[in-house]
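Q: I am new to this structure. Please take a close look at one part of it, the two-domain chain, and then place that part beside its partner.

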Amino acid sequence: MDLAFFSVQLLNGLQYGLLLFLIASGLTLIFGIMGIINLAHGAMYMIGAYLVYDLTLRLGNFWLAILVAIPIAIALGLIIERLFLDTLYKRDHLYQVLLTFGLILVLNEAQRIIWGGDVHRVAVPAPFDASIQLTDNLQYSVYRLFVMGVCLALAGVIYWVMRHTRLGIIIRAGAVNRDMVEGLGINVRTLFTLIFSVGVALTAFAGMIAAPLTSIAPGMGDSILITCFVVVVIGGIGSIKGAFWGAIIIGMATTFGAVLIPSLASMVIYLIMAAVLLVKPRGLFA
Amino acid sequence: MKTFKKTSLATLLSATAMFSAMNVAANEDPVKLGLMLPYSGTYTALGEAITNGVKLAIEQEGGQLGGRDVEYVELDSEADPSKAPQNMSRLVNGDDVDFVIGPVHSGVAMGMLRVAKQTGAITIIPNAGLGAATNELCMPNVFRTSFSMWQDSYPMGKVAYDQGHRKVVTITWDYAGGKEDLTGFEEAFTAEGGEIIEQILVPFPSTEFQSYLTQIASLEPDAVYTFFAGGGGVSFVRDYAAAGLKESIPLLGSGFLTEGNLTALGDAGEGVMTTLHYAETLENDANQSFVSAYENAYGEIPDTYAVQGYDTGMMLVQALSVLGGDTSNQERLIEVLANVHLASPRGPLSFSDSHHPIQNVYLREIRDGKHEVLRMAYENLEVPDDACQM
């Protein structure tokens, strides 16, 4: 493996990992603080992609479509939390799992009714619809670089909020001991609504910016969900830092595993997860 | 003795009356078609296109088969192999259908074939391309109106060699359908004297192709042959074009790469060459009237899946008109079905001894968002079925 090949693969791994982080960050927030296993997380990613596809057609502009789609995604999170989850907090985990599993079916069916079964695409938006020459016969889409930049910036923002704001302190405290936070007079119900909406919005946003890079098809969220659970488990449940490093590890492992050990490519991320759990049963950063 | 005679005569008479009444009833009963197709999930579009095709063919005959009305029982297969035997049993035993039409997914087909074997239900496969269905696992009551993976990829081997390609990289998903497709291409290409320098298998159903494209660029082959379908096909072709590989390394594939995906592919698809048993631009009378009828009925241009549905419908139309709607003698029914000859939109279509279509395969190139037919890639291609015994 020559250096050019290695560096390009490094870039591929980093880009995939950063996108995974964006999707997994919402999952780990909701999982860690609210204790809810949101199985519908992948479906939210799909909804984000379909929203931006639909709105780009209507509005004629990708960036405008994203601006309109984000409030819709937040509203979706808000509605689901207030209307459905809110009634189940006192119940056993199993009820919440059943609810979010039901949401997958509902959202997938809604997708089929609204947008049908065809495969769609969103064109790569200006001014990023260009490519740079990497090697003598390989180009790299500038939009991929842009997506990496956005993911890094959002990771920075999330890190800053968690470390340096009052809200971040409450969230981190909530992840460690929810009852104590409530005892200190924090309104946990509002906090939960906020976390869930933000979590949904982050995932949907990942679907939106990934839309020009992927094909928009029914069931596109189902396979990404499993990968995100692996990321969250490796990083440590509820840890944003863990989700970041977990996503980078999985991104690199998928990329290099595919070309170096092709026979194990489909297993490699699970092998890593098993290895991490053997050494650190609660994840790398829990 | 006298009374016995009387009673037995009466019994005989009433039995005859009942029997003929039943016979009349059988002919007045609607023909029940069980459609076991995906109406949700990744393959929804395929399931819907096939259903549209079947219904169009029967509608054109006044909504009847051999003079009998038609009743459809639509069952969502969810493209889930684990539910296949149970779903098929439900159609055959529960709904008591006369014909089962399905599935799309080869894994589901395996489950269905098992039940078809046990129950003897007449099954027409309008898509699933697993070779075994009309080879190792063939049976008298199973027909296929579509293709096998091998049939659509084999002709491309010679095409690629004739175009001057000598070293080729092949890439597909790591699952049975993809591997069967590559087998057909590799068999023909290496027989001509070409070399497969790398066979890449991507975990199913991943659409994260960047690392493989980097690998292809560093291998510098003369061409790439690929099988992906649906959303995966769109992702692969778009990523391939975005990586700038399309200009230096031609992309070849079996037609499923781009079938039904033309709008989603946009410019990325231009120039991609594929082999398939159909193209919407085929210039024959049957195709031209089919395309316009389909467009009138459903407001969109049909793809190969719609044609496969349509031919399934036409097969039933022809067979039941020969039989006058009488489906009671299964042996005779199977014989008539096996002898169906269609002037299909895809060209002449007949069936081999293993009940697989003998059909043309065309070389197509995407130009201005359409599959233009460059030439015939293989005329009346018959699929190897040495392992079939029935």
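A: The domain assignment splits chain B into domain 1, residues 31–147 + 282–359, and domain 2, residues 150–276. Such bounds come from an automatic or database domain assignment. This is a predicted model, in which local features need pLDDT of at least 70 and side-chain atom pairs count only at pLDDT 80 or more, while totals for chains, interfaces and linings use all residues. Residues are numbered from 1 along each chain as its sequence is written, and chains are lettered from A and ligands numbered from 1 in the order in which they are written.

The C-alpha centres of domain 1 and domain 2 of chain B are 29 Å apart. Between these domains, 11 residues of domain 1 of chain B are in contact with 12 residues of domain 2 of chain B. On the domain 1 side of chain B, the touching residues are five nonpolar, five polar and one charged. Two residues are in contact if their C-beta atoms, placed from the backbone, lie within 7 Å. As for the classes, Ala, Val, Leu, Ile, Met, Phe, Trp, Tyr, Cys and Pro count as nonpolar, Asp, Glu, Lys and Arg as charged, and the others, Gly among them, as polar.

The UniProt record, an unreviewed entry, places the annotation "domain: Leucine-binding protein" on residues 30–369 of chain B. UniProt positions are given here in the numbering used for the model, feature names are shortened, and annotations may be inferred rather than shown by experiment. Residues 30–369 of chain B are 43% helix and 22% strand, and the end C-alpha atoms of this span lie 42 Å apart. Helices (H or I, at least four residues) and strands (E, at least two) are DSSP runs numbered from the N terminus.

Three loops of chain B hold local backbone features. A cis peptide bond joins G102(B) and P103(B), with omega about 0 degrees. P103(B) sits in the loop between strand 4 (99–101) and helix 4 (106–119) of chain B. In the loop between strand 13 (347–351) and strand 14 (357–367) of chain B lies H355(B). The phi of H355(B) is positive, near 70 degrees, in a residue other than glycine. H355(B) counts as buried because 25 C-beta neighbours lie inside 10 Å. The loop between strand 14 and strand 15 (370–381) of chain B contains D368(B), which is not a glycine and has a positive phi of about 50 degrees. D368(B) is exposed, with 6 other C-beta atoms within 10 Å. A residue is buried if 20 or more other C-beta atoms lie within 10 Å of its own, exposed if 12 or fewer, and partly exposed in between, with C-beta atoms placed from the backbone.

The contact between the two chains takes 33 residues from chain B and 34 residues from chain A. On the chain B side, helix 2 (44–59), helix 7 (210–219), helix 8 (230–242) and helix 9 (245–248) each supply at least two residues. The largest share, seven residues, comes from helix 7 of chain B. The side of chain B that touches chain A has 11 nonpolar, 17 polar and five charged residues.

The partner is chain A, with 11 helices and two strands. From the N terminus on, the elements of chain A run α-α-α-α-β-β-α-α-α-α-α-α-α. The radius of gyration of chain A is 19 Å, close to the 19 Å that the globule rule gives for 286 residues, so chain A is as compact as a globular protein of that length. The radius is taken over C-alpha atoms, and the rule is 2.2 Å times the number of residues to the power 0.38. Of the 286 residues of chain A, 48% count as buried. The unreviewed UniProt entry annotates "transmembrane region" on several stretches of chain A, including residues 142–162 and 190–211. Residues 142–162 of chain A are 100% helix and 0% strand, with end C-alpha atoms 30 Å apart. Residues 190–211 of chain A are 95% helix and 0% strand, and their end C-alpha atoms are 31 Å apart.

Chain A also has a cis peptide bond, between A126(A) and P127(A), with omega about 5 degrees. P127(A) is in the loop between helix 4 (93–115) and strand 1 (131–135) of chain A.
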